[in-house]
Amino acid sequence: MHNQKLLVSSHAPYWHNGSSISGKSYSFMLAALPAVIMGIYQYGLPALGVLALSISCAMIWELLMDLAMRRPVSIGDGNAAVIGLLFAMLLPATAPWWLVVAGTFVAIIIGKQIYGGIGCNPFNPSLVAIAIIMLSWKSFMDFNEALVNYDLGFYMVYPLSAVKHMGTSVLSNFSMTGLLLGQQAGGIGTTFGLGLIIGGLYLILRGHIRWEISLSFLLGVFVTAYFFNIADPDKYAPPLFHILTGYSLIAAFFLLTEDSSSPVNFVPMLIYGAVAGFLTVLIRNIGAFVDGAVFAILLVNVSNPLLDKIRPKAMGKGTEHA
Amino acid sequence: MIKRPFFGLARPSLKHPVVVNREQDSVEEIPLPQKVTLFLSPHIKIDDIILRAGDKVITGQRLKLTGDGKDYLISTATGTITGISEYTGYLGQTCQAVSIEAAGDDQWDDEFNERGKTTSPENALEFFNYLPGNPDFQSLLSFQPPVNTIIINGIDKDLLIATNQLVFKTETESLIEGIEHLKKITRASSLFITVPSDLTAEAEKTGVPVHAVNPVYPNILPEIITKNILGRAVPPGKRCEEMGVGFINAEAVVSLTRAFAEGKIPVDKIVTVINKDYIPVNIRARIGTPVKDILKALNIETEHGDQIVLGGPMTGTAIYSEDMPVSPDTDAIMVLDKKRIVLGSGSHCINCGECVRACPARVPVNMLVRLLENGLYEEAAEQYDLLSCIECGLCSYVCVARIPVFHYIMLGKYEFSRIQSAEESNA
Ligand code: SF4
Ligand code: SF4
């Protein structure tokens with residue numbers, strides 16, 4: 001038997017374009033690097049600590065869950081690491097260790113594994129975790145409280161809460177270029193707009209995320225904010241401010257585009273992105289939360305299966321009676 | 001393997017080879033084999049077969065398989081039948097195979113020369129089922145309403161293969177004559193030729209309207225050509241023939257010419273052999289020659305763990321033994337090194353949508369694969385367009401999770417057809 005020559009059989013096609021889940025995950029990590037490095041540069045070791053802890057915890061939870069449920073070990077595909085990375089990017093650098101451990105638990109187990117693992121999650125796992133933390137340990141997610149001991153040489157009030165509570169008069173403290181270059185308080189990996197845009201463009205060009213979603217989200221934010229701004233310029237910030245602050249940019253490129261919870265057809269992608277953008281600004285301007293991106297995205301995640309029913313007719317369909 | 005480009009926004013672009021230089025045009029002859037094996041169609045049951053081991057046969061002989069004489073086989077060697085054995089075919093159907101041990105030189109059978117040489121539909125059905133290039137006269141002649149448009153394929157259905165293009169380049173005369181025979185046999189009112197644009201000049205010599213096709217996979221699939229020529233898509237679950245459009249390979253057309261000119265049914269097939277380095281070689285081999293003999297003649301070594309595929313990279317069938325023979329429809333033999341074998345994974349669909357964007361038939365593959373994984377074949381067909389799939393394999397080719405999507409689809413179609421026929425027989 002051992003000397004016998006056996007051929008490998010499988011079904012067509014016998015070629016593959018070489019893409020893989022792990023390749024996709026590594027691209028995500030690479031694309032996140034500019035924003036992450038900026039975060040580490042600004043907030044120093046604590047930021048690095050949160051990132052490292054979050055990524056490793058996410059992978060450990062994934063491994064434990066694989067073992068507990070006797071599934072093949074899946075940390076090799078890098079998806080858990082990406083969830084951990086994105087989760088950490090949303091946190092303030094001062095997040096305590098137990099918050100990170102609990103958050104990654106929620107992200108991996110409640111956000112992903114209980115639905116059946118990769119591809120089965122109806123919500124973005126990192127956002128499920130952030131949402132639960134925002135509701136359970138509110139003060140740790142309040143960037144003004146969390147970053148009170150930091151002075152990085154720019155106006156350290158979290159831009160969205162500044163506008164929400166003081167109106168647009170505070171806008172003079174911010175410059176658009178400054179915001180783009182990361183001169184704002186916020187999560188570890190959410191403030192460096194330019195870095196996020198570069199990473200996002202990279203992912204779009206590589207074909208890992210869809211431009212339809214990112215673009216329609218940004219447009220949704222822009223248009224909605226624009227109308228609020230015209231209605232009451234003293235109270236509501238202008239559109240560009242909304243795009244460059246809070247979680248807008250990381251949402252556009254890294255969160256909203258998560259495969260499993262976003263649609264795949266053209267029109268649904270546009271609606272999905274635009275509605276998310278609209279809801280984000282709506283919650284920011286008249287809702288209870290300072291940043292609406294988290295709940296806006298979770299809400300559109302719910303609508304994803306329904307939206308994706310809008311799809312082109314398959315070839316030859318509807319021609320039977322023609 | 002053709003890799004995805006680094007920047008990958010667009011659809012995959014898989015080009016068919018275009019025959020250019022003389023070297024690629026040459027065809028190497030493979031010596032006659034000791035033994036030929038001929039596969040029978042799966043509907044023929046072993047108990048019905050009237051051939052017996054020990055029967056003497058000669059080359060080109062029409063061998064009746066069953067008592068009613070409808071099913072037949074064309075012997076491709078002169079010698080003795082050594083046995084009838086069972087093989088497991090595609091998707092697990094069993095089919096029978098007749099082995100003939102060759103004894104010396106060919107003696108040619110005369111039956112075709114004596115009574116088959118008039119170009120009539122009856123004769124085509126009676127003698128041409130096993131013609132090299134695998135013409136499907138059954139479909140071309142027996143549909144109601146009849147097939148009235150016939151398309152001559154100048155491009156092979158899979159990548160890396162250029163047999164039909166080669167015919168257009170090197171056997172134009174013979175092709176012109178074959179087209180006349182084809183017209184008489186089928187009485188189709190219109191004919192078209194599909195070729196890559198480089199070959200339009202050669203194709204135009206035949207006097208048949210030419211349809212130049214951008215030679216990128218899957219533009220040459222019958223359903224897409226039908227849609228482009230008729231301007232009307234084939235409804236799901238229907239065949240092009242039901243829309244009045246039939247297909248025939250250029251190789252089969254020149255086989256007709258040879259049959260009528262020589263009074264013998266051709267028994268040699270042009271096969272593209274693709275070695276591990278992806279360099280194709282054209283060979284001419286007797287139908288029924290084991291793959292083993294061909295590889296030996298070309299000095300191609302295979303090792304434990306390699307893969308051999310009959311057909312091209314997108315739609316071929318992997319074989320489990322080198323004893324498998326060349327059939328009238330074997331356009332290529334592809335040898336894949338074990339390092340290049342694509343293995344499917346057991347991962348879930350991550351809903352990335354690559355397959356949906358790659359699918360030429362606009363099938364919602366991401367949803368379909370979820371149902372197929374769970375064996376929900378009827379829902380798959382009714383709600384998620386299982387039957388609209390035109391079997392190109394691109395969904396598997398691009399799948400990020402490396403799910404064997406195409407395998408699921410073919411299995412799903414097969415299981416669905418079984419469910420349907422079970423329902424019909426119960427009704
Ligand atoms: S094989 Fe896949 S890509 Fe091709 S038509 Fe069928 S579903 Fe679409
Ligand atoms: S390409 Fe594969 S993983 Fe992506 S949606 Fe299609 S089946 Fe799912």
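A salt bridge, as I will use the term today, is a side-chain nitrogen of Lys or Arg lying within 4 Å of a carboxyl oxygen of Asp or Glu. Please keep that in mind as we go through this structure, which is a predicted model.

Let me begin inside chain A, where the domain assignment gives domain 1, covering 21–140, and domain 2, covering 146–307. When these two domains meet, 38 residues of domain 1 of chain A and 40 residues of domain 2 of chain A take part in the contact. Taken over C-alpha atoms, the centres of the two domains are 20 Å apart, and the area buried between them is about 3300 Å², with carbon and sulfur atoms giving 70% of that area.

How many salt bridges does the rule find across the interface of these two domains? There is one between domain 1 of chain A and domain 2 of chain A, and if you look at A:Asp259 and A:Lys24 you will see a salt bridge whose closest N and O atoms are 2.9 Å apart, which meets the definition I opened with because the cut-off is 4 Å. Polar contacts between the two domains come to 15 residue pairs, with both residues at pLDDT 80 or more.

Turning to the side of domain 1 of chain A that touches domain 2 of chain A, the elements that give two or more residues are helix H1 (21–43), helix H2 (45–68), helix H3 (79–90) and helix H5 (125–136) of chain A. The largest share, 12 residues, comes from H1(A), and by class this side of domain 1 has 30 nonpolar, seven polar and one charged residues.

Before we leave chain A, I would like to point to helix H12, residues 248–255, which is mostly covered, with eight of its eight residues buried. Among them are A:Phe253 and A:Phe254, as well as A:Ser248.

Now to the second interface, between chain B and chain A, where the contact takes 76 residues from chain B and 48 residues from chain A. Together the two chains bury about 5400 Å², and 58% of this lies on carbon and sulfur atoms. The count of salt bridges between chain B and chain A is two, and in one that I can show you, the side chains of A:Arg311 and B:Asp385 meet at 2.9 Å, N to O. The rule also finds 25 residue pairs in polar contact across this interface, both residues being at pLDDT 80 or more, while the side of chain B that touches chain A has 42 nonpolar, 20 polar and 14 charged residues.

Notes. Residues numbered from 1 in each chain as written. Chains lettered and ligands numbered in written order. Heavy atoms only, no water. Domains from an automatic or database assignment. Contact = heavy atoms within 4.5 Å. Buried area = accessible area lost by both parts, 1.4 Å probe. Polar contact = N/O pair within 3.5 Å; in protein donor to acceptor, adjacent residues only side chain to side chain. Helix = DSSP H or I, 4+ residues; strand = E, 2+ residues; numbered from the N terminus. Nonpolar A, V, L, I, M, F, W, Y, C, P; charged D, E, K, R; others polar. Buried < 20%, exposed > 50% of the residue type's maximum accessible area, 1.4 Å probe, protein only.
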